[in-house]
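Visitor: I'd like to learn how to read a structure like the one you have on screen. Could you walk me through it?

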Protein chains: 2
Amino acid sequence: MEERQILEAIRNRQSARSFSSGRVADGAVRRILDAARHAPSGANRQPWHMVVVKDARVKRDIRELCEEAERHHHECVAGDIRAWYAAHGISAEKPFLEQAPVLIATFVDPQAPYAIPSIWIAITHMLLQAAEEGLYSLPYTPSGARLAPLLGVPAPYRITAVLPIGEADAPVRQPRRPLSAIASLNRFGTPFPEG
Amino acid sequence: MEERQILEAIRNRQSARSFSSGRVADGAVRRILDAARHAPSGANRQPWHMVVVKDARVKRDIRELCEEAERHHHECVAGDIRAWYAAHGISAEKPFLEQAPVLIATFVDPQAPYAIPSIWIAITHMLLQAAEEGLYSLPYTPSGARLAPLLGVPAPYRITAVLPIGEADAPVRQPRRPLSAIASLNRFGTPFPEG
């Protein structure tokens, strides 16, 4: 059935933090960007700019700035998140920023109406289109890294996420809570029928 | 080709602000919720709860609270957004909150890591799945409306968006900026090749 195709893609999509060196075709990148381009946005402002980075030297510079910001973040992070990071092998090291053949650095104009919802809708479109291309990705948010000056992106744009795009071994699937735990009917606590 | 299916859905999806009274099947709602359920989230916290509202009285209460908050918002909004609202017939009146057969009130735990990105990824999954079901929707953000107490949703959950879901006449398509205006290669200003 037609309406199951997107749900299948959504169910099968998984984030990767480790990429193989396989090439990513420009056509795939173009379709991923096109998915962002068609996102709805507050007052249709389309308040985004994506810098596709393939140059190894630029990727190395991005990694350096992000890891510097990450070291600060990891020092400050709360205990339970720190534990989750440890359990999943997540540290301030971000080798995927050099390893992935393509990075899409995604910038937003924070002064646009509903800027944050708009940019995350666009990012989600890119994550799903990457999955449809048979590629892996990750919505990596480099909190505080000064990527706009590095990539020549003018004010008022600010970095929101860097999406590494590439081939990967299928990562371990994270479990999800059941429908009964996340949805109610008419009022919190009345379960939506499981069907 | 397989990889075009999601892009087609993304290109064809349009927001609606006016709905017909046609029924929405529970199965469709369940798949829309399932699309949210499979969204990635910070530290896999899945920091969301969705209240599906079909009860006419509850929908009326939601509309009332939202319109009260909207009247305040419309008084305070900046001039250019005000002009966009006027040009698109958007006022503090939100009849779609009663008219749509189903509302999905989407709540987030703002204390979860990366709560806002996580909830907007989940909302985007629902918007796309609604489109796949042949239904229309809208990522409506009722800024300031106190919907958590109304729907019995406990702290720390906060309302993020209310998605009206239903059948609609195809709305006017909003134009999008070309790829060359929204994407660069390696550095801002170097256009990504159009292909």
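Guide: We'll go through a few features of this predicted model in turn.

Visitor: How are chain A and chain B related by a turn and a shift?

Guide: Chain A lands on chain B with an RMSD of 0.0 Å after a turn of 180° and a shift of 0.0 Å along the axis. That's the relation of a two-fold axis. The copies also meet through the same surface, because 100% of the interface residues of chain A are interface residues in chain B as well.

Visitor: Which residues make the contact between helix 6 of chain A and helix 1 of chain B?

Guide: Start with the axes: those of helix 6 (residues 115–132) of chain A and helix 1 of chain B come within 8 Å and cross at roughly 155°. Angles over 145 degrees count as roughly antiparallel, so that's what this pair is. Helix 6 of chain A brings H125(A), L128(A), Q129(A) and E132(A), while helix 1 of chain B brings Q5(B), I6(B), L7(B) and I10(B). By class, that's four nonpolar, three polar and one charged residues.

Visitor: Is there a general idea behind spacing along a helix?

Guide: An α-helix has 3.6 residues a turn, so residues three or four places apart point the same way.

Visitor: How many residues of helix 6 of chain B are buried?

Guide: Buried means under 20% relative accessible area. In helix 6 of chain B, 16 of the 18 residues are buried, so the rest of the structure largely encloses it. After this helix comes G134(B), with a positive phi near 80°.

Visitor: And S21(B), buried or exposed?

Guide: S21(B) counts as exposed, at 70% relative accessibility. You'll find S21(B) in the loop between helix 1 (4–12) and helix 2 (26–37) of chain B.

Conventions:
Residues are numbered from 1 along each chain as its sequence is written. Chains are lettered from A and ligands numbered from 1 in the order in which they are written. This is a predicted model: local features need pLDDT of at least 70, side-chain atom pairs count only at pLDDT 80 or more; totals for chains, interfaces and linings use all residues. Side-chain values use heavy atoms; hydrogens and water are left out. Copies are superposed by least squares on the C-alpha atoms of residues with pLDDT of at least 70 in both. Contact means heavy atoms within 4.5 Å. Buried means under 20% relative accessible area, exposed over 50%, partly exposed in between (1.4 Å probe, protein chains only). Helices (H or I, at least four residues) and strands (E, at least two) are DSSP runs, numbered from the N terminus. Axes are lines fitted to C-alpha atoms, for helices over the stretch in contact, and angles run from 0 to 180 degrees between N-to-C directions. Angles under 35 degrees count as roughly parallel, over 145 as roughly antiparallel, 65 to 115 as roughly perpendicular and the rest as oblique. Ala, Val, Leu, Ile, Met, Phe, Trp, Tyr, Cys and Pro count as nonpolar, Asp, Glu, Lys and Arg as charged, and the others, Gly among them, as polar.
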